[in-house]
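Open the model in your viewer and keep the sequence panel beside it. This tour goes stop by stop: select, look, move on.

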Amino acid sequence: MSQTNETQAVVIGAGIVGVCAALALRQAGLAVTLVDPDEPGGEQAASYGNGAFITPASIIPMSVPGLWRKVPGYLLDRDGPLTIRWRHLPRLTPWLLRFLAAGITTARVERTAAILSGLLHDAPDRHAALAAAAGVPGLIERRGVLYVYPDRAAFAAEALSWRLRRTAGVVWRELDAAALRAFEPALSPAYGFGIHVPAAANCADPGAYVAALAAHAARLGVRRVAARATGFAFDGGRLRAVETDQGPIACDRAVVAAGMASARLAAAAGDRVPLEAERGYHVQLTGGTPGGPHLPVMPSDGKMANTVTREGLRAAGQVELAGAGAPPDWRRAEILLRHLYATWPGLARDLPVRRWMGNRPSTPDGLPVISVARRSPDVFYAFGHGHVGLAAGPKSAALVAALVTGSTPPLSPAPFAATRFRW
């Protein structure tokens with residue numbers, strides 16, 4: 001396809017959202033350049049190390065009613081599922097106040113869950129189609145996701161979350177202790193109640209998946225430039241180029257999907273977005289893992305994804321609020337490892353363990369930013385997905401591509417506007 005008269009678009013960021021956006025724009029007929037200093041699918045990306053869940057049930061935001069009462073405990077408990085580093089608290093306070101306010105009422109949580117459902121309800125189907133088109137259909141597995149609890153009372157304690165999921169159309173089946181044991185025989189007997197969401201999927205290797213999608217995009221004509229975007233060149237409000245550390249890249253449109261670097265680039269395009277790193281960790285037992293799960297499992301007490309990937313059994317989770325550049329606290333990974341062994345007591349204790357930490361780019365209200373920039377109608381955003389970046393990648397890409405091309409969007413972009421943050 002000749003690129004002579006095509007609109008030239010630059011996508012900044014080669015994570016799952018950026019690669020999906022590059023594919024969507026190329027398929028819409030634009031000439032696309034994908035800009036990132038690192039290789040797609042590399043360990044630096046948040047999508048590389050996540051729990052690999054692709055489920056329409058992932059619509060519950062982190063901030064819920066009553067969370068504010070737990071903040072003092074989070075400051076003191078360094079072993080809990082959410083921790084805040086004391087010395088970063090002054091800088092984090094404005095973001096934390098917005099975060100707590102986002103979930104202070106049930107009505108606000110209901111609204112957020114409904115919006116997230118728009119991004120996630122068809123995520124397994126979209127990923128299956130993408131993987132098939134890229135020639136890697138086996139990387140998307142569709143066996144459902146299992147949520148396990150000590151008993152029915154523990155499940156009932158999360159009634160709000162499951163009510164919101166039911167309202168969003170999520171279907172599940174309940175498993176009592178006997179059915180749960182038959183479903184996952186290796187699971188600890190400490191869990192006596194389960195919820196199976198059959199429509200959910202998982203990714204067998206998120207890093208390889210993003211790399212495969214990037215390779216597919218390249219086959220379709222997407223150009224890849226290894227550079228770090230630093231800003232934009234405008235002429236009377238119209239975009240002329242994306243500035244990079246390797247020189248300017250002339251273009252007509254740009255999409256910012258650069259993870260934690262997106263806030264800086266958005267500021268250059270006229271928008272202040274409160275973006276923080278919800279630092280997440282994973283541990284992975286490499287090699288075969290007899291005594292582990294057969295399908296993805298989320299234990300209610302650990303709040304971590306237990307997923308068998310091609311490289312081994314992964315436990316991913318934890319939220320650590322600190323500066324994106326702060327050194328990892330590998331005790332967080334050890335918490336995951338302890339939970340993993342407690343959940344699956346038959347696992348061998350001498351398996352090699354791999355540890356990872358990454359930065360989830362998160363807005364305080366739990367919704368990504370997918371919109372046009374304030375300064376120019378030629379710059380667009382697709383970032384800030386927090387915990388749902390992998391799952392929401394294809395639908396986010398479809399939405400931003402519709403904004404770029406002026407076509408009918410697959411869902412309303414209004415809730416994702418950068419201008420929703422008032423300062």
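## Stop 1: a three-stranded sheet

Select β3 and strand β9 (residues 201-203): the two pair in the antiparallel sense over 2 bridges. Keep in mind throughout that this is a predicted model. Now pick I54. Its bridge partner in β9 is A201.

Add β5 to the selection. The three strands make an open sheet in the order β3-β9-β5, with antiparallel pairing. Which strands are at the edges? They are β3 (53-54) and β5 (140-141), each of which pairs on one side only. In general, strands of a sheet pair through backbone hydrogen bonds, either parallel or antiparallel.

## Stop 2: helix α5

Select residues 123-133, which form helix α5. Colour A123, P124, H127, L130 and A131: these residues of α5 are buried. Turn the view until you look down the axis of α5. The buried residues fall within an arc of 130°, so they line one face of the helix.

Then step on to G135, which follows α5. Check its backbone: phi of G135 is positive, near 85°.

## Stop 3: a stacked pair in α3

Next come the aromatic rings. The model has 10 aromatic pairs. Begin with W95 and F99. Their ring centres are 5.2 Å apart and their planes are at 10°, so this pair is stacked. The angle matters here because planes under 30 degrees apart count as stacked.

Where do W95 and F99 lie? Both are in helix α3 (residues 89-102), 4 residues apart, about one turn of the helix. Both W95 and F99 are buried.

## Stop 4: an aromatic cluster with an arginine

Move to Y149 and F155. This aromatic pair is edge-to-face, with 5.6 Å centre to centre and 75° between the planes. Y149 is buried, at 2% relative accessibility. F155 is buried too, with a relative accessible area of 10%.

Widen the selection to Y147, Y149, F155, W162, W172 and F193. Ring pairs link these residues into a cluster.

Now show R165. Its charged end sits over the ring of W162, 4.3 Å from the ring centre. R165 also lies over the face of Y147, at 5.6 Å from that ring centre. Both of these rings belong to the cluster you have just selected.

## Stop 5: salt bridges

Display the charged side chains. The count comes to 20 salt bridges. Three of them are worth a stop.

Start with R240 and D235. Their side chains meet in a salt bridge, 3.9 Å from N to O. The cut-off for this contact is 4 Å, so the pair is counted. Buried or exposed, or in between: what is R240? R240 is partly exposed, with a relative accessible area of 43%. D235 is partly exposed as well, at 48% relative accessibility.

Go on to D378 and R238. This salt bridge is 2.6 Å from N to O. The pair links distant parts of the chain, 140 residues apart. D378 sits in the loop between β20 (369-372) and β21 (379-383), while R238 is in strand β12 (residues 238-244). Colour the two by accessibility. D378 is buried, at 2% relative accessibility, whereas R238 is partly exposed, with a relative accessible area of 36%.

Finish the set with R279 and E320. They form a salt bridge whose closest N and O atoms are 2.7 Å apart. R279 lies in strand β15 (residues 276-286) and E320 in strand β18 (residues 312-321), so the pair ties together parts that are 41 residues apart in sequence. R279 is buried, with a relative accessible area of 0%. E320 is buried at 1%. Add R85 to the view: salt bridges that share partners join R85, R279 and E320 into one network.

## Stop 6: T309

The last selection is T309, in strand β17 (residues 304-309). T309 is buried, with a relative accessible area of 8%. Which residues does T309 touch, not counting those up to four places away in sequence? Show A204, Q284 and R314: T309 touches each of them.

Definitions and conventions
Residues numbered from 1 in each chain as written. Predicted model: local features only at pLDDT ≥ 70, side-chain atom pairs only at ≥ 80, totals over all residues. Heavy atoms only, no water. Buried < 20%, exposed > 50% of the residue type's maximum accessible area, 1.4 Å probe, protein only. Arc of directions from axis to C-beta. Phe/Tyr/Trp six-rings, centres within 6.5 Å; stacked < 30°, edge-to-face > 60°. Lys NZ or Arg CZ within 6 Å of the ring centre and 35° of its normal. Contact = heavy atoms within 4.5 Å. Pairing = 2+ DSSP bridges.
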